[in-house]
Amino acid sequence: MAGRVVVVGASCAGLMAAEGLRRAGWHDEIVLLGEELGLPYDRPPLSKSFLANSEDTEILLRQPEAFDSLNLRHLPGVSADGVEVATRTVSTDAGTFEADGVILTTGVRARRLEWLEHDARVRYVRTAEDGIALSRDLHGPRGTLAVLGGGPLGLETAATAAALGWKVHLLEAGPQIMPTMLGPGLAERVADHHRRNGITVSTSTTVTGIDSTGLELASGEHVDMNLCVVAVGSIPNTEWLVGSEGLVIDNGVVCDSYGAAAPNIYAAGDVARWTHSGFGRSIRLESRTNAVRQAMAVAKNLYCSLSGLSESCSEYSPEPFFWSDQGALRLKAFGDLGGSVRLDLAGDGSTGLTLFGDESGVLVGFSALGLPIGVVNMLRDSMTQRRSVTENFTELTSSHSGLAQLTPA
């Protein structure tokens, strides 16, 4: 009898999981379930090039011919509502699918502000439909755009809108932008870059209401706006799994270091929270790079498990890599940004660096703006060699030409 693997979520991770199964040698049926209609598409361009030019920006992850070559049973517009772990049976609004293996790749959704839902000027950026609607808005009569949220998505959207001629006001409730990725000094450097490009950046600013002309702030001030984009974080799509006995749901689908949530049930991408053996703790990453790498890794592990080759399964413990393109500015981050030690460095107007260290002061991650590739590679090597934050600071300020101006921000 032929086998079957069900991939729940036609996301980037879902498509990569299906490709990974085929590459590993799985020749039997793969069922790919997705709530959205159409072929799987790429989300990162939705806040950047797609907003600027939706007609000429390609977001499909695979063209129809390449997608068809995977020989998948693709079921778009189908919502899953549970998994029976013991039999690996996925229930959906289109019937049930019993499988030999299951890969969960349902991703995340935008965190919504219910008190703004009634207003027709409010937009989110998560789906292609969202991107098409916002792109249409931004190419209409220019006005003032308010962006709520100073994370990468909010900043990318703000930079794109400003380049299209909108007056943009970005409002962040916390004391700095991008707090999980940047130290305060580098965050302020990024904020200054956007201010120089015409964007008003306000931190420690809480929005309390909305009226016909704009937003009301806790300070009593008023921000005029014609359009509002909400980018205040995301929520893992796991509600449909509540009650699925045998799975642990806690800020994502909880998995072991191999990506397994239960026997022959794996998770990958934004929805997966797994044990990173190198970090010694459970993490969940929202990253295009991670979605690709983790999906391929768990697909191989599932294939090995189903083929009786469990000894060939591998732990998934990558060096995380993130990036954010905000107009002409590109931020890069490597490694563990959850380190308890932070050293913030600032160079000239176009460079900056945040070093993250663990409790013993060893460099475990860093975020960089405008640094030469040689310096980036040196820092990555330093993490592998477990050199300290202090050692790296000394080398950066004394041994690398052009970086002597780096000083604690």
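This passage walks through the cores, sheets, selected residues and one pocket of a predicted model.

A good place to begin is the inside of the protein. The largest nonpolar core contains 68 residues, and those with the most contacts inside it are Val8, Leu33, Leu104, Leu138 and Leu145. Helix α6, which spans residues 184-196, gives the most to this core, with 4 residues. Apart from this core lies another one, made of 26 residues; among them are Val7, Leu15, Ala17 and Ala260. Leucine 145 offers a closer look at the surroundings of a single residue. Once residues up to four places away in sequence are set aside, leucine 145 touches Leu138, Ala161, Trp166, Lys167, Val168, His169, Leu227, Cys228 and Val229.

Strands come next. In general, the strands of a sheet pair through backbone hydrogen bonds, and they do so either parallel or antiparallel. An open sheet is formed by 6 strands, in the order β23-β24-β27-β26-β25-β28, with antiparallel pairing. Its edge strands are β23 and β28 (407-408), each of which pairs on one side only. Within this sheet, strand β26 (residues 352-357) runs antiparallel to β27, and 6 bridges join the two. One pair to look for on the structure is phenylalanine 356 with its bridge partner in β27, glycine 365.

Another pair of strands can be followed in β5 (residues 89-92) and β6 (residues 95-98), which run antiparallel and are joined by 4 bridges. The chain passes from β5 to β6 in a hairpin, through 2 residues. Here serine 91 has threonine 96 of β6 as its bridge partner.

The edge strand β23 (residues 321-326) also holds aspartate 325. The side chain of aspartate 325 makes a polar contact of 2.5 Å with the side chain of arginine 330. Beyond four places in sequence, the residues that aspartate 325 touches are Lys48, Glu156 and Arg330.

Glu156 turns up again in the surroundings of serine 47, which lies in the loop between β2 (29-34) and α2. Serine 47 counts as buried because its relative accessible area is 2%, under the 20% limit. Leaving aside its neighbours within four places in sequence, serine 47 is in contact with Val125, Leu153, Glu156, Thr157 and Thr160.

Helix α2 itself (residues 49-52) includes phenylalanine 50. This residue has a relative accessibility of 4%, so phenylalanine 50 is also buried. Its contacts, again without neighbours within four places in sequence, are Pro45, Thr57, Ile59, Ala128, Gly131, Ile132 and Ser135. Leucine 33, one of the core residues named above, makes a useful landmark here: phenylalanine 50 and leucine 33 are 17 residues apart in sequence, and their C-alpha atoms are 25 Å apart in space.

Serine 305 sits in helix α7 (residues 288-306). With a relative accessibility of 23%, serine 305 is classed as partly exposed, because that class covers values between the 20% limit for buried and the 50% limit for exposed. The side chains of serine 305 and asparagine 264 are joined by a polar contact of 2.5 Å. Not counting residues up to four places away in sequence, serine 305 touches Asn264, Tyr266, Ser310 and Cys313. Threonine 127 is 178 residues from serine 305 along the chain, and the C-alpha atoms of the two are separated by 34 Å.

Backbone angles add another detail to the picture. Most residues other than glycine have a negative phi. Serine 204 has a positive phi, near 50°, and is a residue other than glycine. Serine 204 is found in the loop between β12 (199-202) and β13 (207-210), and is exposed, with a relative accessible area of 53%. Arginine 386 is not a glycine either, yet has a positive phi of about 55°. The place of arginine 386 is the loop between α8 and α9 (389-398).

Arginine 386 leads on to the last feature, a pocket. The second largest pocket has a volume of about 360 Å³. It is lined by 20 residues, of which Gly278, Phe279, Asp336, Val364 and Arg386 are the closest to its centre. The elements that give two or more residues to this lining are β27 (363-369) and α8 (373-385). Strand β27 thus appears twice in this account: it contributes to the pocket lining and takes its place in the open sheet.

Terms used. Residues are numbered from 1 along each chain as its sequence is written. This is a predicted model: local features need pLDDT of at least 70, side-chain atom pairs count only at pLDDT 80 or more; totals for chains, interfaces and linings use all residues. Side-chain values use heavy atoms; hydrogens and water are left out. A nonpolar core is a set of buried Ala, Val, Leu, Ile, Met, Phe, Trp, Tyr and Cys residues joined through side-chain atoms within 4.5 Å. Buried means under 20% relative accessible area, exposed over 50%, partly exposed in between (1.4 Å probe, protein chains only). Contact means heavy atoms within 4.5 Å. Two strands pair if DSSP finds at least two bridges between them. A polar contact is a pair of N or O atoms within 3.5 Å; within protein, one must be able to donate a hydrogen and the other to accept it, and residues adjacent in sequence count only if both atoms are side-chain atoms. On a 1 Å grid over the protein atoms alone, a cavity is a set of points where a 1.4 Å probe fits but cannot get out, and a pocket is an open set with protein on both sides within 12 Å along at least five of seven lines; lining residues have an atom within 4 Å of a point. Grid points are joined across faces, edges and corners, and a volume is the space filled by probe spheres set on the points.
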